[in-house]
Amino acid sequence: MAEGEGFGRPPREGGGGGFRRDRDRDRERGPMTAKARLRAKARKKARKAQKKKGSFLRKKVCRFCADQSAKIEYRDPKGLRYFMTETGKMIPSRISGNCARHQRQVAIAIKRARQIALMPYAPSHV
């Protein structure tokens, strides 16, 4: 079966291609002028600054490293709920700010709390 045949469509002229290719062909450009290069560079710099502006401003700190009295207990579901989404998934350390050591401890505590039915596995169990 050739391209374009079947499904009630007549075959295309010009050997196929898509909308994007046709649009790019209409917009053929010559070499960029110095002014166009400067404009493109300024646009790129502005996009980069806008992207950087949207990120968080201060470094996240592990709450368990900062506060030695804070304990990770599987018997404390209220404390562990901070590290879970409303759908019942664990929040990753890049969002919660935990260091790797404490993130592992939090994950183990959540799993233990789930095992003895103190915390939900799924949102339907909430």
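Val61 is exposed, with a relative accessible area of 53%, where exposed means over 50%, buried under 20% and partly exposed in between (1.4 Å probe, protein chains only). The model is predicted: local features need pLDDT of at least 70, side-chain atom pairs count only at pLDDT 80 or more, and totals for chains, interfaces and linings use all residues. Residues are numbered from 1 along each chain as its sequence is written, and side-chain values use heavy atoms, with hydrogens and water left out.

**Overall architecture**

The protein contains 6 helices and 0 strands; helices (H or I, at least four residues) and strands (E, at least two) are DSSP runs, numbered from the N terminus. Read from the N terminus, the order of elements is α-α-α-α-α-α. Of the 126 residues in the protein, 17% are buried.

**Contacts distant in sequence**

Val61 is placed in the loop between α2 and α3. Its C-alpha lies 7.9 Å from the C-alpha of Cys99, although Val61 and Cys99 are 38 residues apart in sequence. A second such pair is formed by Arg75 and Arg112, which are 37 residues apart in sequence and 8.7 Å apart in space, C-alpha to C-alpha. Arg75 is located in the loop between α3 and α4.

**Salt bridge**

Arg75 also takes part in a salt bridge with Glu73, in which the side chains meet at 2.8 Å, N to O. A salt bridge is defined here as a side-chain nitrogen of Lys or Arg within 4 Å of a carboxyl oxygen of Asp or Glu. The structure holds 1 salt bridge. Glu73 counts as partly exposed because its relative accessibility is 31%, whereas Arg75 is exposed at 56%.

**Aromatic cluster**

Phe64, Tyr82 and Phe83 make up one aromatic cluster. Rings of Phe, Tyr and Trp (its six-membered ring) pair if their centres lie within 6.5 Å; planes under 30 degrees apart count as stacked, over 60 as edge-to-face and the rest as tilted. By this rule there are 2 aromatic pairs, set out below.

| Pair | Geometry | Centre to centre | Angle between planes |
|---|---|---|---|
| Phe64 and Phe83 | tilted | 5.7 Å | 35° |
| Tyr82 and Phe83 | edge-to-face | 5.1 Å | 90° |

Phe64 lies in helix α3 (residues 63–66) and Phe83 in the loop between α4 (77–80) and α5 (93–96), so their pair ties together parts that are 19 residues apart in sequence. Phe64 is buried at 8% relative accessibility, and Phe83 is buried with a relative accessible area of 2%. Tyr82, by contrast, counts as partly exposed at 49%.

**Positive surface patch**

Lys35, Arg39, Arg43, Lys44, Arg47, Lys48 and Lys52 form a positive surface patch. Patches are made of residues with over 30% relative accessible area and no salt bridge; like charges are joined within 9 Å, and nonpolar side chains (Val, Leu, Ile, Met, Phe, Trp, Tyr) within 5 Å. Lys and Arg count as positive and Asp and Glu as negative, while His and the chain ends are not counted. One of the patch residues, Arg43, is found in helix α2 (residues 34–53). Arg43 is partly exposed, with a relative accessible area of 49%.

**Backbone at Ala117**

Most residues other than glycine have a negative phi. Ala117 has a positive phi of about 65° although it is not a glycine. The segment after α6 (100–115) holds Ala117, and at 65% relative accessibility Ala117 counts as exposed.

How values were computed. Accessible areas come from the Shrake-Rupley method with a 1.4 Å probe; for residues, only the protein chains shown count as cover. The place of a charge is taken as NZ of Lys, CZ of Arg, CG of Asp or CD of Glu.
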